[in-house]
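Hi everyone, thanks for coming. Today I'd like to walk you through some charged side chains, so have a look at the structure first.

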Amino acid sequence: MATVTLTTANFDEVTDKDGIVLVDFWASWCGPCVRFAPTYERSSEKHPEITFGKVDTEAEQLLAAKFDIRSIPTIMAIRDGVVVFAQPGALPESSLESLIEKVQELDMDEVREQMAAHRKAAHGETAEAAEPEKAPAAAEEPAKEEAAAAGRS
């Protein structure tokens, strides 16, 4: 599968659905971004069940600001509309594959429960009253740390 260009116009539509969306925040002037592109493309061909999106941070400055992108490339994993991983830096192919595997293995009910418990502790809400949030606030540490282990393999 080829990568999908993500813009402010289509970002929510693409990322709010069920399934996994990987997002590469990049720019054409960024050497590491350009070198990472073939790795990202190869991975997209291996995993047609995953949406691989690319955000050109020069053209989509509002999206970059929304997710507080300060370094590129930044790789973000979104599963079922929830950001479960975000990390700056180009990943070697083996680490990208490991990240994909970890995101596929996540128990999203558990992730949502952890997010609700975190919000409850932070805001004094009851877990039942807290609805799952959409990105970027959904990148809570428990889910992020589990998926981030893939990036450190």
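Let's start with a question: is D24 buried or exposed? Keep in mind that this is a predicted model. Okay, D24 is buried, because its relative accessible area is 0%, and buried means under 20%.

So who does D24 pair up with? D24 makes a salt bridge with K54, and their closest N and O atoms are 2.8 Å apart. This pair links distant parts of the chain: D24 sits in strand β2, residues 20-26, while K54 is in strand β3, residues 51-56, and the two are 30 residues apart. K54 counts as buried too, with a relative accessible area of 15%.

Now, how many salt bridges does the structure hold? There are 6, and I'll show you a couple more.

Take E97 and K46. Their side chains meet in a salt bridge, at 3.8 Å from N to O. E97 belongs to helix α4, residues 93-105, and K46 to helix α2, so this pair ties together parts that are 51 residues apart in sequence. K46 is partly exposed, at 46% relative accessibility. And these two have company: R42, K46, E93 and E97 are linked in a network of salt bridges.

Next up, D68 and R70. These side chains form a salt bridge as well, with 2.9 Å between N and O. How open are they to the outside? D68 comes out as partly exposed, at 47% relative accessibility. R70, at 73%, counts as exposed, because the cut-off for exposed is over 50%.

Let's go back to helix α2 for a moment, which spans residues 31-46. S44 lies in this helix, and S44 is buried, with 0% relative accessibility. What does the side chain of S44 have within reach? One of its polar atoms lies 2.6 Å from the backbone oxygen of E41.

Last stop: the surface. Which residues form a negative patch there? The answer is D107, D109, E110 and E113. Let me pick out E110, which is found in helix α5, residues 108-123. E110 is partly exposed, its relative accessible area being 38%. That fits the patch, because patches are made of residues with over 30% relative accessible area and no salt bridge.

So, to recap: the D24 and K54 salt bridge links distant parts of the chain, R42, K46, E93 and E97 are linked in a network, and D107, D109, E110 and E113 form a negative patch on the surface. That's it from me!

Note on methods. Residues numbered from 1 in each chain as written. Predicted model: local features only at pLDDT ≥ 70, side-chain atom pairs only at ≥ 80, totals over all residues. Heavy atoms only, no water. Patch = residues over 30% accessible without salt bridge, like charges linked within 9 Å, V, L, I, M, F, W, Y side chains within 5 Å. Areas by Shrake-Rupley, 256 points an atom, 1.4 Å probe, with all protein chains shown as cover. Salt bridge = Lys/Arg side-chain N within 4 Å of Asp/Glu carboxyl O. Lys, Arg positive; Asp, Glu negative; His and termini not counted. Charge placed at Lys NZ, Arg CZ, Asp CG, Glu CD. Helix = DSSP H or I, 4+ residues; strand = E, 2+ residues; numbered from the N terminus. Buried < 20%, exposed > 50% of the residue type's maximum accessible area, 1.4 Å probe, protein only. Polar contact = N/O pair within 3.5 Å; in protein donor to acceptor, adjacent residues only side chain to side chain.
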